[in-house]
Amino acid sequence: MTGPFGAINTGTGVVAGDMRANENATITAVQTLFAREHNRIVDRLPSHLSDKEKFQIARKVVSAEQQWITYHEFLPAMGVRLAPYRGYRPDVRTSLANEFATVGYRSHSMVRGDFKVVTQLSRYTQQQLDTLRARGMSITITGSQVEIGIPPRLLPFNPDLVDQVQIGPLLQSFGLQPENRNDEVVDEDTLRSIVFLIPGCVPRCLTAVIDVAALDVERGRDHGIAAYNDLRRTYGLAPKPSFRAISGETTETFPADPELTPGDEINDPDSLDYVRPGVRRTTTAARLKAIYGDVSGLDAVVGMMAEPRLPGSEFGELQHAIWKRQFEALHDGDRFFYANDPALRVIKARYGIDYRRPLGDVIAANTDIQRADLAYDVFRAHPSVG
Ligand code: HEM
């Protein structure tokens, strides 16, 4: 099905189940990893099985691996606490809630733009390093190590970058670099002034500059998402009486400034200045009040992002509630969820193939990165490893 790259590259992009495989080279790398994992499992199966049987077994194992990684590594790393799994429930619908796709899962605030790959210099020839530099990457050599800085503008619709930088160091580096905090700030370069090249448009390419945070707000309105407090009620949470109560700050009033007309403070760009690391001159609550006036009309996605994080979690109350309900439904209502699928036990007994593998194992099995050079749980950044 696939070439040595691991996924079919047509020249305008790789082909995978979802065209967003090309949206970002980091996604291309992960899609490629699991295409390789599929092929690796196929190669381990006995030759008397037909191609179709091998395909179906590998497909089932890779699906279970992805679920296992999601529920054992990803969700705990994000601080999402689910009710214990109690088996298949035919009365539960697994379809994604509008509120999940349009509000809760849009974790764009966490995306970080300045991506660095740190690896052995000996991996690349001088010509390859020159090519990376010519494409706009920064190259810093320290002894036997090289640091490749990849600016955000090179990541979208650029699947060739995975081959050029090499999939092993790329995947290894994802686990070494913490993402941004999930809060009310969305990365400017990566998501708020992003130049999108519409893929597959040779010879005439359309480009668009988009602000994903603004799209998130507008998309909520397009989809008829309830206002913030109504959505809180739907998820069993008490409504918030004020902007201050939402953000957990002490005031929703702007500091006095004799140079500004009262009521016009929101139009002052300096209102976003930091007075000390992490603390702005004006509160989020004051800015939200100036824009919305009253809590009743607050867009759900905006209120959700303004909530303080729960202890041990990346999410505030509303976002946590949306993820919890969706991910519980996704396992409860899935007859083939790994913990409910007897075929996985048969595959383990017959072929010795176990789906319970941390993502670090999958990376080590399908790239030239050694397992010891990856954290056990690659969803948690361990700068000392690697
Ligand atoms: C560089 C990274 C990313 C970029 C450039 C990006 C960009 C986008 C864009 C342009 C949209 C469409 C917005 C619209 O028209 O409504 C979108 C949708 C979405 N994004 Fe992202 N995104 C990124 C990362 C992420 C991450 C890390 C997550 C979640 C963990 C995420 C979750 C979503 C969801 C759930 C949607 C809506 C999908 C749907 O309704 O079908 N994105 N993203």
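Is proline 169 buried or exposed, and what is its relative accessible area? I began my entries on this predicted model with that point.

**Entry 1: proline 169**

I located proline 169 in helix 6. Its relative accessible area came out at 0%, so I recorded proline 169 as buried, the cut-off being under 20%. I then looked for a residue distant in sequence and took isoleucine 369. Proline 169 and isoleucine 369 are 200 residues apart in sequence, and their C-alpha atoms are 7.3 Å apart in space.

**Entry 2: helix 2**

I turned next to helix 2, which covers residues 51-78 and has 28 residues. From its first C-alpha to its last, helix 2 reaches 38 Å. I compared this with the expected value at 1.5 Å a residue, 40 Å, and found the two close.

Where does helix 2 bend? I placed the bend at threonine 70, with an angle of about 40°. Just after helix 2, I noted glycine 79, whose phi is positive at about 75°.

Within helix 2 I also looked up isoleucine 69. The relative accessible area of isoleucine 69 is 6%, which means that this residue is buried. I checked its separation from tyrosine 355: the two residues lie 286 residues apart along the chain, and 9.5 Å separates their C-alpha atoms.

**Entry 3: positive phi outside glycine**

I searched for residues other than glycine with a positive phi and entered two of them here. Phenylalanine 157 is not a glycine, yet its phi is positive at about 45°. I found phenylalanine 157 in the loop that runs between strand 5 (145-150) and helix 5 (160-165). With a relative accessible area of 19%, phenylalanine 157 is buried, because the class takes values under 20%.

Glutamine 166 also has a positive phi, near 90°, and is a residue other than glycine. I placed glutamine 166 in the loop between helix 5 and helix 6 (167-174). Its relative accessible area is 18%, and I therefore entered glutamine 166 as buried.

**Entry 4: serine 247**

Which side chain is joined to that of serine 247 by a polar contact? I identified glutamate 249 as the partner, at 2.6 Å. Serine 247 lies in helix 10, which spans residues 243-247. I recorded serine 247 as buried, with a relative accessible area of 10%.

**Entry 5: the second largest pocket**

I then examined the second largest pocket, which holds about 820 Å³ of space. I counted 28 residues in its lining. Those nearest the centre of the pocket are Glu184, Val185, Arg192, Ala213 and Arg287.

Which helices each supply at least two residues of this lining? My list reads helix 7 (188-192), helix 8 (212-222), helix 11 (284-292) and helix 12 (300-306). Helix 11 gives the largest share, with five residues. I sorted the lining by class and obtained 15 nonpolar, nine charged and four polar residues.

**Entry 6: isoleucine 291**

I stayed with helix 11 and looked up isoleucine 291, which is found there. Is isoleucine 291 buried or exposed? I entered isoleucine 291 as exposed, because its relative accessibility is 57% and the class begins over 50%. I also compared its position with that of arginine 325. In sequence, isoleucine 291 and arginine 325 are 34 residues apart; in space, they are 31 Å apart, C-alpha to C-alpha.

**Entry 7: tryptophan 323**

My final look-up was tryptophan 323, which I placed in helix 13 (residues 317-332). At 1% relative accessibility, tryptophan 323 counts as buried. I took tyrosine 124 for the distance check, 199 residues away along the chain from tryptophan 323. The C-alpha atoms of tryptophan 323 and tyrosine 124 are separated by 42 Å.

Key. Residues are numbered from 1 along each chain as its sequence is written. This is a predicted model: local features need pLDDT of at least 70, side-chain atom pairs count only at pLDDT 80 or more; totals for chains, interfaces and linings use all residues. Side-chain values use heavy atoms; hydrogens and water are left out. Helices (H or I, at least four residues) and strands (E, at least two) are DSSP runs, numbered from the N terminus. The expected span of a helix is 1.5 Å times one less than its number of residues. The bend at a residue is the angle between axes fitted to the seven residues ending there and the seven starting there. On a 1 Å grid over the protein atoms alone, a cavity is a set of points where a 1.4 Å probe fits but cannot get out, and a pocket is an open set with protein on both sides within 12 Å along at least five of seven lines; lining residues have an atom within 4 Å of a point. Grid points are joined across faces, edges and corners, and a volume is the space filled by probe spheres set on the points. Ala, Val, Leu, Ile, Met, Phe, Trp, Tyr, Cys and Pro count as nonpolar, Asp, Glu, Lys and Arg as charged, and the others, Gly among them, as polar. Buried means under 20% relative accessible area, exposed over 50%, partly exposed in between (1.4 Å probe, protein chains only). A polar contact is a pair of N or O atoms within 3.5 Å; within protein, one must be able to donate a hydrogen and the other to accept it, and residues adjacent in sequence count only if both atoms are side-chain atoms.
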